[in-house]
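Me: I'd like to go through this model with you and ask, for each label, what it rests on. Could you show me the sequence and structure to start with?

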Amino acid sequence: MTKIIDIDIKEKVYKSKNSNLSLLNDFRLEVNTGEKIAIVGKSGAGKTTLLNILGLLDRNYVGSYSLFGLNTNEMNLKMFAKLRNQRIGFVLQESALINSLTIEENIKLPFLYAKYKEKSDVNDFDTVIDDIGIKSIIKKKPLECSGGEKSRAVFARAIMMKPQVILCDEPTASLDGENKERIIALLSKMNSENNTTIITVTHDLEVANTHDRIIRLERRM
Amino acid sequence: MKQFNQSGVFIANLDPESDMNMGEIDKNDTRQVYDFLNENMKYALYTDGFIVSIPNEYDMEVSFAYLNEEYYSTSKQFELSQGRKLEFDYTLDKDEDIEIPVLIGKGLSKTYPIGSIIKVEDPAIQKQVNYRVSGILKPNVKHSNLYSLNSKQYYNFSVVIPVNKEFINSSNVGLQLQGLFDVIVVQASESSINELKDIISTNLGLKFNFYTQDENFEYYNDFYIGSLKLIGVLTALICIVLTCVAVWSSLASIRLMIKDFTINLFVGLGYNKLRMICYGYYGILSFINVIVLFIITACSRYGTWHRKDAQFSTYGIFGVIGMDWLALLAVVIFDAVIVGIIVEIMMWKIKKVPISLGVLQ
């Protein structure tokens with residue numbers, strides 16, 4: 001198995017006027033290609049912070065991070081943006097859609113930032129929306145859709161560029177049982193068919209149990 | 001203008017307090033003044049605004065401008081695109097047709113090419129004259145009043161007529177009086193100028209002032225530059241306020257759109273690309289602004305052609321001339337500075353908000 005993520009965080013500090021909050025002290029994580037990792041923990045333990053760092057959204061930490069065999073400390077912001085566009089997918093809560101765009105425009109958003117050559121090896125839009133079952137809503141605006149439909153649209157956007165890593169942030173938080181099952185099934189399908197690495201931050205143990213490994217983060221006082 | 005800004009040069013100016021009744025002045029009165037000028041002084045004479053209807057391609061009313069050799073040789077403003085310079089060595093004392101070489105503006109050049117004759121009754125000497133076209137002026141050759149430097153009249157539809165002493169003596173009181181209003185006395189002393197003032201006062205009953213060009217500049221600076229400075233300061237203040245409002249509204253937009261920005265950043269938007277998008281957006285707004293200004297300027301310039309306003313009709317794209325392009329260039333530079341300020345402040349503000357999954361929660 002190829003190691004796709006190798007992160008060693010010495011310290012991540014949030015500075016505020018009155019105090020400094022230190023998170024993820026001496027945290028180390030190695031993830032192989034195709035693994036499914038669930039990250040659980042109480043609020044404030046650093047789950048979202050870890051996902052920000054893994055998703056190249058936050059570089060203000062002490063430590064090292066190797067992604068796809070590349071040392072992220074040696075990359076610039078442009079390279080980060082390119083990796084987020086090409087090789088990382090974000091499955092977020094249903095609210096992560098732009099309300100002024102249609103569902104189709106939201107799903108195709110990553111294409112805006114991909115160069116022509118990079119658009120050749122992507123998932124076919126029609127196939128994706130058929131598979132995910134949102135064909136009937138693509139011309140609608142997010143505010144006209146149900147929570148489940150929006151969650152699936154967010155999922156569709158995350159997989160359009162055939163990412164190697166999908167980072168999920170509470171993907172089922174506001175969904176009912178049926179829609180939760182659907183999202184879990186879609187993630188499993190991506191993992192099994194494309195060998196996509198999946199890292200999910202969740203409070204839901206039922207969701208966490210569908211993953212290969214569960215990592216529990218504790219808040220150190 | 002700088003040619004007249006020399007010591008010993010005095011420029012006439014009718015005192016605003018002086019009462020004038022044209023009807024009371026006859027040719028004998030003005031003749032006395034010109035006799036004094038011819039005998040005792042060297043002077044440059046220029047007068048225009050004698051409107052004549054002669055056929056031309058654009059149906060413009062044509063303005064006759066009269067000048068003497070001293071004015072012509074000193075001012076150097078009559079640049080030619082074709083033909084020869086003016087000659088002043090002619091005589092009106094002939095039985096046959098009188099022929100005088102003239103310069104014409106570009107707007108008349110198709111109807112009256114070099115060598116052609118403009119047959120007209122001259123409004124100044126009220127005689128039938130054959131004006132032979134000896135030269136064609138460059139497009140947009142202009143004249144500014146010596147004590148109102150912002151004023152400009154264009155010669156595109158003018159006929160520039162050389163006048164010698166004989167012509168002045170034969171002309172009517174209108175040309176003689178108007179010529180005196182702007183007469184420029186060169187190589188004169190204060191005492192001779194005072195003597196001229198007395199002659200004018202005695203014969204015409206008018207009070208004339210004679211200023212050096214430096215004094216004219218001071219007058220201009222007092223009344224015009226002062227106003228310009230005030231307008232400049234007000235404009236700068238308005239621009240600063242509008243820039244602040246634009247920055248404030250942009251920052252307010254960022255606050256409202258931070259979620260949308262964040263989603264775009266997740267799917268591959270980089271700060272460099274975002275900066276380019278912002279510059280593109282504000283660049284388009286600035287471009288529209290410049291285009292609107294260009295249209296307003298062009299309409300204003302083209303309007304003079306539409307209204308047949310010969311003295312202000314200019315050549316250029318839709319009549320837009322060099323000074324207009326310079327003003328538009330200044331607007332482009334100014335817009336670029338404002339766009340730079342707005343975009344960089346926006347980017348600074350956006351970067352201050354860390355992209356984080358937390359923004360969406």
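Reply: Happy to; what follows takes the sheets, the pockets and cavities, and the cysteines in turn. Please keep in mind that this is a predicted model.

Me: Let's begin with chain B. What makes β2, β12, β1 and β13 of chain B a sheet, and what is the sense of the pairing?

Reply: The four strands form an open sheet in the order β2-β12-β1-β13, and the pairing is antiparallel. Two strands count as paired if at least two bridges join them. Strand β1 (residues 10-14) of chain B and β13(B) have four bridges in the antiparallel sense, so they meet the cut-off of at least two. In that pair, B:N13 stands opposite B:N209 of β13(B).

Me: Why are β2 and β13 of chain B called edge strands?

Reply: Each of them, β2 (42-44) and β13 (208-211) of chain B, pairs on one side only. From one strand to the next, the twist averages 30°.

Me: How do you know that helices α4 and α5 of chain B pack on that sheet, and which strands does each touch?

Reply: The touching is judged by heavy atoms within 4.5 Å. Helix α4 (residues 173-181) of chain B touches β1 and β13 of chain B, and its direction makes about 115° with that of β1(B). Helix α5 (residues 190-204) of chain B touches β1, β12 (184-186) and β13 of chain B, with a direction at about 160° to that of β13(B). Angles run from 0 to 180 degrees between N-to-C directions, so 180 would be fully opposed.

Me: On to chain A. What is the order of the five-stranded open sheet there, and what sense has the pairing?

Reply: The order is β7-β8-β9-β4-β10 (chain A), with parallel pairing. Its edge strands are β7 and β10 (213-217) of chain A, each of which pairs on one side only. Ignoring direction, neighbouring strands are turned by 20° against each other on average. β7(A) and strand β8 (residues 165-169) of chain A share four bridges in the parallel sense, and A:I88 has A:V165 of β8(A) as its bridge partner. Helix α6(A) packs on this sheet, touching β7 and β8 of chain A, at about 175° to the direction of β7(A).

Me: How do you know that β5(A) and β6(A) are paired, and how many bridges join them?

Reply: Two bridges join β5(A) to strand β6 (residues 70-71) of chain A, which run antiparallel. At least two are needed, so this pair qualifies at the cut-off itself. A:S66 stands opposite A:N71 in β6(A). The hairpin of β5(A) and β6(A) has two residues between the strands, and A:F68 takes a positive phi near 55° there. Strand β5 (residues 62-67) of chain A also has six antiparallel bridges with strand β1 (residues 3-15) of chain A, where A:D6 is the bridge partner of A:S66.

Me: What makes the lining of the largest pocket mostly nonpolar, and which element gives the most to it?

Reply: By class, the lining has 24 nonpolar, eight polar and two charged residues. Tyr and Cys count as nonpolar in this scheme. The pocket holds about 850 Å³ of space, and of its 34 lining residues the closest to its centre are B:C278, B:Y281, B:Y282, B:L285 and B:M346. α6(B) gives the most, with 13 residues.

Me: And what is the lining of the second largest pocket made of?

Reply: It divides into 13 nonpolar, eight polar and seven charged residues. That pocket has about 550 Å³ of space, and among the residues nearest its centre are A:D58 and B:P354.

Me: Why is a cavity not called a pocket?

Reply: In a cavity the 1.4 Å probe fits but cannot get out, whereas a pocket is open. The whole structure has six cavities of 30 Å³ or more, and the largest has about 100 Å³ of space. Its lining includes A:R84, A:F90 and B:F266, and β7(A) supplies the largest share, three residues.

Me: Last one: why is B:C239 not in a disulfide with B:C244?

Reply: The sulfur atoms would have to be within 2.5 Å. The closest cysteine sulfur to that of B:C239 is in B:C244, 11 Å away, so the two are too far apart for a bond. B:C278 is in no disulfide either, its nearest cysteine sulfur, that of B:C244, being 19 Å away. Over all chains, the structure holds zero disulfides.

Notes. Residues are numbered from 1 along each chain as its sequence is written. Chains are lettered from A and ligands numbered from 1 in the order in which they are written. This is a predicted model: local features need pLDDT of at least 70, side-chain atom pairs count only at pLDDT 80 or more; totals for chains, interfaces and linings use all residues. Side-chain values use heavy atoms; hydrogens and water are left out. On a 1 Å grid over the protein atoms alone, a cavity is a set of points where a 1.4 Å probe fits but cannot get out, and a pocket is an open set with protein on both sides within 12 Å along at least five of seven lines; lining residues have an atom within 4 Å of a point. Grid points are joined across faces, edges and corners, and a volume is the space filled by probe spheres set on the points.
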